[in-house]
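Trainee: I would be grateful for a close look at a single helix of this model and at the packing around it.

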Amino acid sequence: MFCERCGATLQPGQKFCGNCSMPVTGTVSFQGGRVGKHVQTLGILWIAYSAFSLIGAVVLFILANTLFGRLGVPMPQAPPGIPPFLHMLFTVLGFFLLVKAGAGIAAGVGLLNRETWARVLAIVMGIISLLNIPIGLALGIYTIWVLLSPNADKE
């Protein structure tokens, strides 16, 4: 028998999983299908990809508040010819990257913990990441290939 949550091997008569402490329910055995083999890799990739997005968000916030002024007030030593809307643009883009990174990390952690909500979140994040060529495109295709295959929801 195998744990329904983490896939660890269980002994007959065992009440709780030794790996994730989940109560053992019934005698359902885990049939390590294609999805089960790729979910852990997918979770790790989403966490790593989102960490890089988080770094990008921090860089955009730093640029918005140093090079292009602070809170909409242009800096006196700013080079001439810098449009005043760049501060707001960089701040908004940084905010969207921050939200995207947070959702990606949540999807990765949820996939590693085999949470039911993580599949839907990872599919949505995979579709969004298709716009980010080449790494986001590859991760989006891999996510869709793993999580939208036949019988993926049952595995």
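**Helix H3 and its surroundings**

Mentor: In this predicted model, helix H3 covers residues 116-129, 14 residues in total. From its first C-alpha to its last, H3 reaches 21 Å, close to the 20 Å expected at 1.5 Å a residue. Its buried residues are Ala118, Ala122, Ile123, Met125, Gly126 and Ser129. An α-helix has 3.6 residues a turn, so residues three or four places apart point the same way.

Ala122 links H3 to the wider packing: in the largest nonpolar core, which has 16 residues, Ala122 is among those that touch the most other members, together with Leu42, Trp46, Leu111, Leu139, Val146 and Leu147. Two or more residues of this core come from each of helix H1 (34-66), helix H2 (86-112), H3 and helix H4 (135-147). The greatest contribution is that of H1, with five residues. Apart from this core there is a second one of five residues, including Leu60, Phe68, Leu86 and Phe90.

Helix H2 deserves a comparable description. H2 has 27 residues and reaches 38 Å between its first and last C-alpha, close to the 39 Å expected at 1.5 Å a residue. Among its buried residues are Leu86, Phe90 and Leu111, as well as Gly94, Gly104, Gly108 and Gly110. Phe95 also lies in H2, but Phe95 is partly exposed, because its relative accessible area is 46%. The C-alpha atoms of Phe95 and Val58 are 9.2 Å apart in space, although the two residues are 37 apart in sequence. Just after H2, Arg114 adopts a positive phi of about 55°.

Methods: Residues numbered from 1 in each chain as written. Predicted model: local features only at pLDDT ≥ 70, side-chain atom pairs only at ≥ 80, totals over all residues. Heavy atoms only, no water. Helix = DSSP H or I, 4+ residues; strand = E, 2+ residues; numbered from the N terminus. Expected span 1.5 Å × (residues − 1). Buried < 20%, exposed > 50% of the residue type's maximum accessible area, 1.4 Å probe, protein only. Core = buried A, V, L, I, M, F, W, Y, C linked by side-chain atoms within 4.5 Å.
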